[in-house]
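Here are a few exercises to work through with the model open beside you. Try each task before you read its solution.

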Amino acid sequence: MNARPKKSFGQHFLHEKRYIDRIVSAIAPRDGDTVVEIGPGEGALTLPLLAAAGRLTAIELDTDLIPALRERAAAVGTLTIIQADVLTVDFTALAQQLGAPRLRIAGNLPYYISSPILFHCVEHAAAIQDMHFMLQKEVVDRMAAEPGSKVYGRLSVMLQLACRVVPLFDVPPGAFRPPPKVDSSVVRLIPLAPNERHDADPSRVHAIVKAAFAQRRKTLANGLKQLMGADAIRRAGVDPGARAETLAPLDFVRLAKLVDDEQAAS
């Protein structure tokens, strides 16, 4: 259907069949799966996913793309299109509406808004079976980074506390129309089971992580001084002289729980 990509929506349409096939194979949708695609665009992934699953829900912001997508999907399966900004979609409510225990989410995410979409999905992780996203390679590297890495940061910690992050393969610029100026990567996110999740207040964990990484070169004692003192950091089993990039994700959970305990006791 060759729609003109819109810069305002950060659109880069995937067109190379070899990579489309690899992504669909990685997702491996089965008949009866409740698949939700974010930003279907021209339908390069939509149609093969729909053919495998029999039904699919797509979330598309660009109204100009929807009529042609409906027309192409009519002979393939049951396609439901939600015209909306994905950040306004309640995935937990959507799973209930679709009668699904959990959703399988996929999408070629716009680079300029990929992190907010990832955090939004994590908020609904209990309603999600897995996620397969194509993102800027640099973002995927940050998502999967380990402590001590130069790219390990807030995104790494928050995602790894909620999901297993599995980078799959890279996709070159030439696989898109128009070609982006960066390489892309496909990543699989598998939400942790209830018994694997931490039990700290999520907003408190986020506050600790955000403050700790706000100025990477600062020690934790300096970065967290508005939230907790050096002695409290030590009681959490963490060196107050360390930098945030050296801490494992669960270290931030211990810090958050200690803050909660101290506030409850005061």
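**Exercise 1. Locate Ala28 and describe its backbone and exposure.**

Step 1. Ala28 sits in the loop that joins α1 and β2. Keep in mind that this is a predicted model.

Step 2. Turn to the backbone: the phi of Ala28 is near 50°, a positive value in a residue other than glycine. For comparison, most residues other than glycine have a negative phi.

Step 3. For exposure, the partly exposed class lies between the 20% and 50% cut-offs. The relative accessible area of Ala28 is 41%, so Ala28 is partly exposed.

**Exercise 2. Find which residues of helix α2 are buried, and work out how they are arranged around its axis.**

Step 1. Helix α2 covers residues 46–53, and its buried residues are Thr46, Leu47, Leu49, Leu50 and Ala53.

Step 2. Look down the axis of α2: these buried residues fall within an arc of 165°, so they line one face of the helix.

Step 3. Now ask what covers them. The elements include α1 (17–27), β2 (35–38) and β3 (55–60), along with α3 (66–73), β4 (78–83) and β5.

Step 4. Finish just past the end of the helix, where Gly54 has a positive phi of about 90°.

**Exercise 3. Place strand β6 among its neighbours, using His132 as your guide.**

Step 1. Begin with burial: β6 spans residues 128–136, and 8 of its 9 residues are buried, so the strand is mostly covered.

Step 2. Take the partner β5 (residues 103–108): β5 and β6 pair in the parallel sense over 6 bridges. Within this pairing, Ala106 stands opposite His132.

Step 3. Trace the connection between these two strands. From β5 the chain passes through helix α5 (residues 114–123) to reach β6, giving a right-handed β-α-β crossover.

Step 4. Take the partner β9 (residues 184–191): β6 and β9 pair in the antiparallel sense, over 6 bridges. Here the bridge partner of His132 is Arg188.

Step 5. Put the pieces together: His132 is opposite Ala106 of β5 and is bridged to Arg188 in β9.

**Exercise 4. Describe the setting of Gln215 and its separation from Arg243.**

Step 1. Gln215 belongs to the loop between α8 (202–214) and α9 (220–223).

Step 2. Its relative accessibility is 47%, so Gln215 counts as partly exposed.

Step 3. Compare sequence and space: Gln215 and Arg243 are 28 residues apart along the chain, and their C-alpha atoms are separated by 9.5 Å.

Technical notes. Residues are numbered from 1 along each chain as its sequence is written. This is a predicted model: local features need pLDDT of at least 70, side-chain atom pairs count only at pLDDT 80 or more; totals for chains, interfaces and linings use all residues. Side-chain values use heavy atoms; hydrogens and water are left out. Buried means under 20% relative accessible area, exposed over 50%, partly exposed in between (1.4 Å probe, protein chains only). Helices (H or I, at least four residues) and strands (E, at least two) are DSSP runs, numbered from the N terminus. Two strands pair if DSSP finds at least two bridges between them. A crossover is right-handed if, with the strands pointing away from the viewer, the path from the first strand over the helix to the second runs clockwise. The arc is that of the directions from the helix axis to the C-beta atoms. Contact means heavy atoms within 4.5 Å.
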